Amino acid sequence: MKLTEKLGVVVFLVAVYVLVPALIALSGRWDFFYTLTSVALLSIASAGVWLTFYIGRINIGQGAYALVGGYVSAILMTKAGLNFWITLPLAGLFCAGLSVLIGLPILRLRGVYFAMVTLVLTEVARLSALALHITNGAKGITSIPLPGKVALFGITIIPDFSTLANPKLAFYIMAVTLMVVSFAALWRIVNSRLGHLCRSLQQNEELASSIGVNTAYLRVLAYAISSFFGGIAGAGFVIISQSIYPSSFQVTDSVNFMLNCFLGGLSFVFGPMLGTLLLYFGWDLLFSTGKYQMLIYSSLLILAMLVLPNGLLSVSFSRRKGVGK
Amino acid sequence: MEQIVVNGLYLGAQYAVIALGLTLIFSLMNVLNFAHGQMYVLGGFITYTVVSQFHLPYIVGLVTSAVALAVIGALLERFLFRPVIARSKREESTMLLAAGVAFFLDAVTLLIFGEKQRGIPKIINGVLNWNFIIVMPYDRILIGVLAIALIAGFIVFMQFSRSGRAMRALAQDRMAAQLMGVDVDRYSMIGFALGAMLAGLAGGLLVSITGVNLGMGGPTSIKAFMMIMIGGAGVISGAIAGGFILGMMESVGLTVLASYGDITYLVIFASLMVFLAIRPQGMMGKPWG
């Protein structure tokens, strides 16, 4: 890490942990906490999609894993009475396991074929949630408890959220922490040996496999990590809204996850974060325009694509990227 | 059983028209048109407006839909897809653009036509009843026949006209077609317009039977994707086969699986994934698209 990068990370951390809550407290716009919490969680799912882009696959199925993760967490909390903090990693692991099973056959597909299959996967998840008994059909699962206390050797590490004066802030801190950890992990993966191998897959799979890269293993691994992120994001969403329905994550959400990555730029680890922030916040800010909201939003999207077809971050980092590659 | 087969054929003919447009755009430009369902809904609304609001004959509505969507398709290709394809580093960028267009068309449809379910009066009354083995309203038969005629017309156009030959050449190898003197830009535009037109026509056909509403766009796109995955993306015969197969599966599934609840589509999706695991390129597609 260069000094400027270190400085950037510190500035970012200070901004999300201190500056944003302070600004919200000053302005009194408490509703921004919910928006930003959603952004943080959605950007985790987008980070997963970004990783599948990194191995050269267009993934429009992240909504499926977000939904599955959400249901796993919700069912474990309501039926088994587990603490949210235990169900969170379990939801991620369940999704990762599931994605290995699904990924083994479908990762053989490429290009638009993979894109279309994953799109169908989102529909499969929604229809399964409607048809199964354990997911309670269209009624969904509601009145999910708030996260409980986590204590280690008698010391409270995470307090019970229902005892807090300001659970909104607590949820914000939770989501942002998850986001920071996820993106740190993603950054580490991309800059490791695994990341280099993934790049080789993105460029030419046959060539990579001919020089001894285990492509089948790698793409399943990348897909599993991606789905893990999806599951975590889904579980996080369940706990902030305290409910889940089959329509909580659908095709539109899957497409949005993909758009977040595109908009931020596919060559940059932090692209999905920026893309999610802009898309979600932009959508929220346009709420005041009423019925023209969708029109303006989609026009801006098309415009962004026309002007910057390679993502927003391609502008500011265009010089550095030329040297780095 | 005969009834199920006839229903499947009728559904399949409609689906095939939708899939043809999608597969044409895909084969020419390598663009996965997310907005295809929205174009279809727009076509339905235009026919509805012409027939129900202006009280013109149905065929006028159908032609208006076709022309309007062809113009929209041509404009989209000329001013959105072409510049983005030329400048973006990754061809997936067009997917974002197509998704943006889908949102845009949704918004426009909502503003112009509202969110209500719309339908037009029956074109012809009466029901064909053949000993209660096959019961089919005449207007459905008419729509089915029209759809099949459209498909036949499209195939003839692609096989025997100059433009059709140019587009087939483009689909096979863009570079080679260009070297042989095919005006690539022009035929890409015509192809996109033609694909959008087919979507509009399918919408116009459907509005006379089930009506249209705003929410149909997305699910229709997904169905169209499934059809071209079954048949093989970018292959015209594959799209037709995919349309008929999906129509038949839906018709059979809705009858056979009715007692298990609303799981027809779940079963279709699951079997599709198994099928694609065995044969990734679909029935007739080129390997790896």
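Is B:Glu77 buried or exposed? This predicted model puts B:Glu77 at 2% relative accessibility. Buried means under 20%, so B:Glu77 counts as buried. Its side chain has a charged partner. B:Glu77 and B:Arg82 meet in a salt bridge, with 3.0 Å from N to O.

That pair belongs to a short list. Over all chains, the structure holds 5 salt bridges. Turn now to chain A. A:Arg57 forms a salt bridge with A:Glu205, and their closest N and O atoms lie 2.8 Å apart. This contact links distant parts of the chain. A:Arg57 sits in the loop between α2 (31–54) and α3 (62–78) of chain A. A:Glu205 belongs to helix α8 (residues 205–210) of chain A. The two are 148 residues apart.

How accessible are these partners? A:Arg57 has 1% relative accessibility, so it counts as buried. A:Glu205 is buried too, with a relative accessible area of 9%. The pair does not stand alone: A:Arg57, A:Glu205 and A:Arg219 are linked in a network of salt bridges.

Another chain A contact spans a shorter stretch of sequence. The side chains of A:Arg126 and A:Glu123 meet in a salt bridge, 3.2 Å from N to O. Both residues lie in helix α5 (residues 111–131) of chain A. They are 3 residues apart there, so about one helical turn separates them. A:Glu123 has 12% relative accessibility and therefore counts as buried.

Back to chain B, and to its helix α1 (residues 2–29). This helix has 28 residues. From its first C-alpha to its last, α1 of chain B reaches 40 Å. That is close to the 40 Å expected at 1.5 Å a residue. Of the 28 residues of α1(B), 22 are buried, so the helix is largely enclosed by the rest of the structure. B:Asn30 follows α1(B), and its phi is positive, near 60 degrees.

The surface of chain B offers a contrasting view. Which residues form a nonpolar patch there? They are B:Phe54, B:Leu56, B:Ile59, B:Val60, B:Val63, B:Val67, B:Val71, B:Leu75 and B:Phe79. Together they have about 820 Å² of accessible area. Take B:Phe54 as one of them. Its place is in the loop between α2 (36–53) and α3 (58–87) of chain B. B:Phe54 has 54% relative accessibility, so it counts as exposed; the cut-off for exposed is over 50%.

Terms used
Residues numbered from 1 in each chain as written. Chains lettered and ligands numbered in written order. Predicted model: local features only at pLDDT ≥ 70, side-chain atom pairs only at ≥ 80, totals over all residues. Heavy atoms only, no water. Patch = residues over 30% accessible without salt bridge, like charges linked within 9 Å, V, L, I, M, F, W, Y side chains within 5 Å. Areas by Shrake-Rupley, 256 points an atom, 1.4 Å probe, with all protein chains shown as cover. Salt bridge = Lys/Arg side-chain N within 4 Å of Asp/Glu carboxyl O. Helix = DSSP H or I, 4+ residues; strand = E, 2+ residues; numbered from the N terminus. Buried < 20%, exposed > 50% of the residue type's maximum accessible area, 1.4 Å probe, protein only. Expected span 1.5 Å × (residues − 1).
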